[in-house]
Structure formats: structure tokens, C-alpha cells
Amino acid sequence: MDQKEEERGQRPLSSNAMSSTVAPSGGGEGYADPSSVSGWIGGSSYGSSYGSNPDFYGHPPQPMMSGYSSSPPDHPDQQQYYSTAQYSPVPAYHGAPAPMPQAGLPPPPYAPPMYYGSWPGPAPPPMTQQQQAGYGAYGILPPDARRQHAMGGLGVDDELFRALDVARRNHKATLFDIDGTCTEGDAWPFAYILHLIGSITCNLTISSTGFIPDVVKFDESASRFIQRRLRLGTVEEKTLGLKAALSDLDALCRDQFGNFLVQGLFDFGTPAIKSELMDAIYAKEEGYAVELSMHMHGCRVIQKAIRCLDQEGVCKLVAEFHDTVVPFVRDPNGNHVIQRCIQVISAFAKTKAKSGDPDQASGLADQMQFIVDDIVGNVLLFSSHRYGCRVVQRAIEHCIEAQRDSVLDAVVSCHERLIADQYGNYVIQQVLACGSETHKAAVVDTLTKEKFLAKFTCHKYASNVFEALLIHGKSANKEKVLEVMMKDTRGDEDGYCIAIQMARDPIANYVVSKAIEVSEGEQKKRLVALLASDRAVLAKSPYAKYVLQNIDKLEH
């Protein structure tokens with residue numbers, strides 16, 4: 001290194017960066033990431049010209065000769081260099097970069113830019129041997145080889161690779177395009193050929209190879225393509241999707257991405273398609289619908305079927321779940337199926353009742369009476385269970401009046417044990433929000449007992465019930481709770497004020513803040529005055545400060 005180079009303080013690109021090789025990306029598409037070679041191609045210059053997709057059928061970009069994103073400072077006192085990735089100075093210890101060899105690199109202009117879907121213009125000419133050598137000189141695979149290397153690492157055969165290529169790169173592709181593959185024709189990319197069908201003449205033979213199940217199971221991107229085609233496609237295209245689903249139904253229903261093909265058929269298929277799909281499910285071994293309902297991905301298919309089938313189809317499917325309610329309710333997947341049954345059948349029954357057909361409404365409600373009976377018989381078990389409490393809440397929220405009242409009666413019979421329960425408190429909150437006045441009054445009578453209120457407003461779970469009462473309760477019920485809170489016996493020996501004690505508690509202070517928010521008129525003034533009367537004591541509490549902040553907001 002001569003003296004001038006040493007004074008400039010420039011650092012050459014490392015030899016590792018000069019010989020880096022593109023490796024398959026771990027992302028969803030399985031292609032190489034161009035950002036991994038930014039060390040030798042000038043950082044962001046490559047990405048800005050070609051986007052984030054290295055899968056272009058053109059020539060490689062010409063590397064930047066200097067390796068700098070901008071010119072380094074020439075002042076001899078500034079001993080620093082500028083990296084290619086960011087404009088941050090770093091102390092330098094090396095000389096200027098050596099010139100890069102240019103043999104084999106194509107001259108500009110480069111190939112037209114690629115974007116998702118298809119080529120904006122005519123396809124580029126095939127690369128010459130010299131251009132291919134230009135890639136190898138810097139340790140990069142040519143585009144075709146790079147894509148084959150990436151997909152081959154995932155165990156994807158050539159025909160499936162071509163089908164995935166269509167789904168990802170041709171925005172006009174249909175299910176018919178990915179269900180077959182090109183057996184004759186050009187050496188151009190298959191997706192590009194399909195895009196040009198109608199505008200050029202190609203010698204193509206499309207043979208049905210059933211790639212749709214494999215494509216939809218491949219990754220999220222491919223699955224979304226299938227869903228979009230089921231939503232936008234013709235009846236013939238949806239029928240092809242049905243044929244693909246029936247060819248591998250069990251595997252698709254249980255697959256992370258494949259289940260969306262079956263869901264899409266229920267969502268966008270014709271009644272005939274839905275009926276044929278359900279016939280295939282019933283044709284499986286006995287209890288297959290129950291087995292799917294308890295599967296992580298299969299339960300989504302069953303829920304979609306319940307939501308999208310007609311009234312007769314839903315009743316037939318729900319009948320499959322007799323004698324399985326208890327295991328369903330306690331299962332992390334099955335409980336969602338029971339919730340959906342309650343929602344949909346109750347909606348059918350209420351619709352018939354509103355249309356003036358009470359007999360048919362009653363008959364529909366009877367279709368799910370076995371679910372209501374199991375809830376009533378196991379109400380304490382279900383209400384205090386992580387998943388079961390959801391089912392009880394849906395029954396209170398959606399069931400017709402007669403069934404809802406039977407569930408409410410069972411809940412109220414053990415409500416004191418549920419108020420402070422980790423999961424049961426949510427059931428009691430639902431009673432206060434959706435229950436009848438009789439059932440609400442029974443809960444309010446318990447909550448307004450003086451010793452009960454003072455104890456359970458400080459409880460982590462029970463305090464949620466008091467807040468729900470203040471939010472959803474009628475004015476009379478809220479006033480009843482507030483009167484108990486404002487009881488003040490500090491003038492007596494061993495006297496106390498419940499509201500002051502609650503304001504100083506780490507949990508109950510939230511109930512006090514909610515009481516200030518929802519109280520009205522004279523009662524609000526009394527509550528605020530009571531709390532402000534002991535402001536000096538409350539100011540010393542780290543929790544009461546939130547209550548004081550709410551009071552200050554009212555005063556200002």
C-alpha cells in the first residue's frame with residue numbers, strides 16, 4: 001500500500017464478498033434472496049433494479065467497480081470509509097479496493113425487469129455461453145439453475161415445480177393451468193407460455209396430472225392462489241377443484257394449507273358441489289366427521305360446512321355429534337364445532353319464529369336439544385373449564401328463549417362458586433349481559449352483600465364481574481352496588497369506608513374508576529366528594545392515584 005492510499009483510509013471489499021454463492025432462501029417461495037449477494041453487487045443497486053425476486057430470465061447486473069454507495073471523502077484527516085449497505089462511517093485499516101474482472105459480463109442495457117404475473121414485453125433471447133460464464137465467475141447460479149436448485153432442495157419434482165411456477169408468476173392462471181403440465185413446446189418458461197396463449201401459437205399438450213392437491217398443500221402463497229380461483233372461477237373451474245379435493249380428501253382436510261381448498265368449496269361452491277363434498281365425508285368410516293372435528297385443521301372444515309350448508313344439511317351434520325358433546329366441549333378444537341352448532345341452528349330457529357312458523361322453529365331447536373341437555377347437566381364442570389366456558393356463553397347468547405332459560409337456571413344455581421373462578425367469571429358476566437331480569441337480579445343480590453362486595457372487588461377474577469355489572473346493569477342495579485360501595489362508618493369505632501379501601505387496592509381501584517365513569521347525577525357527586533374527602537390518604541397510595549386522576553378530569 002502506498003502512502004496516498006494509506007492517507008485516504010479506504011477499505012477494499014473482502015475476498016469473501018467477491019466469491020459469495022447464492023443459497024436457497026428459507027422464505028415461503030423457496031427462491032434465493034438477492035440481498036445475500038449485496039456485498040459484491042453494490043448493495044441496494046441490485047434490489048432497486050430487479051426487485052426482491054432473483055428469478056429473472058435475463059442477464060446478471062454488472063457489478064459496481066468501486067463498491068461504494070457514494071464517493072468516500074477525500075480529506076486526509078477523515079480516516080473512514082463508506083459501506084455499500086449504509087451511509088455510516090467506520091474506521092478504515094486497508095487500502096483501496098482492487099479492480100474487479102469484467103470478463104464474461106454482458107454490457108448494458110440489461111434484460112427487462114420482472115414483476116409478479118408475466119413479462120411486460122417480449123421474452124429475452126436465450127443466454128449465450130459467455131453470459132452463462134459471467135454468472136459462474138462470481139459464484140452465482142444462472143436463473144434457471146438457481147430456481148431448480150432452490151426447489152430441488154425442497155424435494156419438488158419438475159412437473160410440480162412447473163405447476164407452482166404457474167400459480168406464482170401468472171396472475172391470469174386458472175386451476176386448469178396448474179392441473180396439467182406442458183409436455184411439448186418451447187424452451188421458454190411455462191408460466192410465460194401460458195400467458196401468451198391466444199396471442200401466439202404454441203405446440204402444447206395439456207394432460208391432467210392432478211397437481212392441485214399438491215399445489216394447495218405446498219405453502220401459504222399457493223393455497224391463497226387456489227382460494228382466489230375458487231372465489232373468482234367459473235362453475236367448471238370449481239368442479240375441477242371438487243375433483244381434486246375428492247382425490248385426496250382426508251389429507252387435505254388435515255393439512256395446514258390444504259384444508260382451505262375444502263373450505264373454499266363450501267364457501268363458493270354450488271349446492272351440488274357442497275352436497276357431493278358432504279357425501280364424500282359421510283362415505284368415510286363411521287365417526288369420521290367427529291374425528292375431523294377434533295383435529296386442529298379438520299375442525300375448520302367442519303365449522304365452515306356448518307356455516308355454509310343449508311338447513312337440512314346442517315341438521316344432518318349436527319346429528320353426527322350425538323353422545324360426543326362432553327369430549328367436544330373439553331377439546332381445544334371440538335369446542336369450536338359445538339359453538340358453531342349452537343350459533344347456526346339457533347339462528348335458523350329464530351328466523352322461522354320471526355316468519356310466523358313456531359312449529360318449525362321448535363323442531364329446529366329440538367335438533368340441538370342434546371347439546372343443551374349436556375350443558376345443563378354439566379354446567380359447573382363446563383363453566384369452570386377453559387374451553388367449556390365458551391360453549392356455555394354461546395348457549396346464553398344464542399339459544400332460543402326456552403333453551404336459554406334452562407341454561408341460565410343451571411348457571412344461577414351455582415353462580416356464587418363461579419364469580420371468583422378463573423373461567424366461570426366470564427359465564428357470570430354473560431348472564432349480566434344477556435340474561436333475563438330474573439337471573440340478573442339473583443346475581444346482583446349476591447354481589448351487593450356488604451361483606452361479599454368488600455372481599456370480591458379485590459379479587460383478580462371476581463372484580464371483572466363487578467365491572468360487568470356497572471357496564472351492563474340497569475340503573476337500579478348499578479345504584480344498588482354504588483350505595484353499598486359508599487357506605488361510610490369512619491365516625492364509629494373501627495369504622496371504615498368501602499370506597500376508600502377499594503381505591504387503595506391494586507385490583508379494586510379499577511372498579512372504583514369504572515363506578516366514577518358510569519355513575520350519574522347526584523350519586524356521582526356523592527361518590528366523588530367521598531373520595532376527595534380523604535385525598536391526602538389516597539395520594540400516598542400508588543394505586544389510588546388512578547382514581548384521583550379520574551376525579552381531576554371531572555373537575556376540569
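These legends describe three close-up views of a predicted model.

**View 1. Packing of helices α14 and α15.**
Helix α14 covers residues 259-268, and helix α15 covers residues 271-283. Their axes lie 8 Å apart, at an angle of about 135°. That angle falls neither over 145 degrees nor within 65 to 115, so α14 and α15 are oblique to each other. The crossing of α14 past α15 is left-handed. On the α14 side, V262, L265 and F266 make the contact. On the α15 side, the contact residues are I273, K274, L277, M278 and I281. By class, the contact holds 7 nonpolar residues, 1 charged residue and no polar ones.

**View 2. The aromatic pair F321 and F328.**
The whole structure contains 2 aromatic pairs. One of them joins F321 and F328. The ring centres are 5.3 Å apart, and the planes meet at 50°. The pair counts as tilted, because stacked requires planes under 30 degrees apart and edge-to-face requires over 60. Are these residues buried or exposed? F321 has a relative accessible area of 0% and is buried. F328 is buried too, at 0% relative accessibility.

**View 3. G435 in the loop between α27 and α28.**
Helix α27 spans 424-434 and helix α28 spans 437-447, with G435 in the loop between them. G435 has 10% relative accessibility and therefore counts as buried, the cut-off being under 20%. Which residues does G435 touch, not counting those up to four places away in sequence? They are L408, Q430 and K440. V407 is 28 residues from G435 along the chain, and their C-alpha atoms are separated by 10.0 Å.

Definitions and conventions: Residues numbered from 1 in each chain as written. Predicted model: local features only at pLDDT ≥ 70, side-chain atom pairs only at ≥ 80, totals over all residues. Heavy atoms only, no water. Axes fitted to C-alpha atoms, helices over the stretch in contact; angles between N-to-C directions. Helix = DSSP H or I, 4+ residues; strand = E, 2+ residues; numbered from the N terminus. Parallel < 35°, antiparallel > 145°, perpendicular 65-115°, else oblique. Left-handed = near helix turned anticlockwise from the far one by under 90°. Contact = heavy atoms within 4.5 Å. Nonpolar A, V, L, I, M, F, W, Y, C, P; charged D, E, K, R; others polar. Phe/Tyr/Trp six-rings, centres within 6.5 Å; stacked < 30°, edge-to-face > 60°. Buried < 20%, exposed > 50% of the residue type's maximum accessible area, 1.4 Å probe, protein only.
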